[in-house]
Amino acid sequence: MSTQTDSNKKDLLRGGQFLVKETSAENIFTPEDFSDEQKMMRESVQEFVNRELIPKREE
């Protein structure tokens, strides 16, 4: 994991700020930007939720 400099932190947009502040498309993170590792983690979490949590929802 890389660290960010103070100048990079100023450019980060949080939450829905991209809706109200001028920004370029390159600075907006979308699900298509996930790495393979992040995609595998998402799939693992979804499998866990479907297998372990949803069946026990009523309990």
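Which residues form a nonpolar patch on the surface? Before selecting them, bear in mind that this is a predicted model, and that every value in this tour was computed from it. The patch is made of Phe18, Leu19 and Val20, which together offer about 350 Å² of accessible area.

**The whole chain**

Begin with the protein chain in a cartoon view, where three helices and zero strands can be found, the elements running α-α-α from the N terminus on. Then switch to a surface view: the accessible surface of the protein chain comes to about 5900 Å², and 52% of that area belongs to carbon and sulfur atoms. Of the 59 residues in the chain, 0% count as buried, a point to keep in mind when the individual side chains are selected below.

**Helix α2 and the patch**

Next, select residues 17-20, the extent of helix α2, in which valine 20 lies. Valine 20 has a relative accessible area of 71%, and because anything over 50% counts as exposed, this residue is classed as exposed. With Phe18 and Leu19 displayed alongside Val20, the nonpolar patch on the surface is complete.

**Isoleucine 28**

From the patch, move on to isoleucine 28, which is found in the loop between α2 and α3, the latter helix spanning 36-53. Leaving aside residues up to four places away in sequence, isoleucine 28 touches Phe18, Thr23 and Asp33, and Phe18 is also one of the residues of the surface patch. Is isoleucine 28 exposed or only partly exposed? Its relative accessible area is 28%, so isoleucine 28 is partly exposed. Now add leucine 12 to the selection and draw a C-alpha to C-alpha distance: leucine 12 and isoleucine 28 are 16 residues apart in sequence and 9.0 Å apart in space.

**The salt bridges**

Finally, select Arg51, Glu52 and Lys56, which are linked in a network of salt bridges; the structure holds two salt bridges. In one, arginine 51 pairs with glutamate 52, with 3.4 Å between the closest N and O atoms. In the other, lysine 56 pairs with glutamate 52, and here the closest N and O atoms are 3.9 Å apart, a distance that qualifies because the cut-off for a salt bridge is 4 Å. Glutamate 52 thus takes part in the bridge with arginine 51 and in the bridge with lysine 56. With the surface shown once more, glutamate 52 counts as partly exposed at 29% relative accessibility, and lysine 56 is likewise partly exposed, with a relative accessible area of 47%.

Key: Residues are numbered from 1 along each chain as its sequence is written. This is a predicted model: local features need pLDDT of at least 70, side-chain atom pairs count only at pLDDT 80 or more; totals for chains, interfaces and linings use all residues. Side-chain values use heavy atoms; hydrogens and water are left out. Patches are made of residues with over 30% relative accessible area and no salt bridge: like charges are joined within 9 Å, nonpolar side chains (Val, Leu, Ile, Met, Phe, Trp, Tyr) within 5 Å. Accessible areas come from the Shrake-Rupley method with a 1.4 Å probe; for residues, only the protein chains shown count as cover. A salt bridge is a side-chain nitrogen of Lys or Arg within 4 Å of a carboxyl oxygen of Asp or Glu. Helices (H or I, at least four residues) and strands (E, at least two) are DSSP runs, numbered from the N terminus. Buried means under 20% relative accessible area, exposed over 50%, partly exposed in between (1.4 Å probe, protein chains only). Contact means heavy atoms within 4.5 Å.
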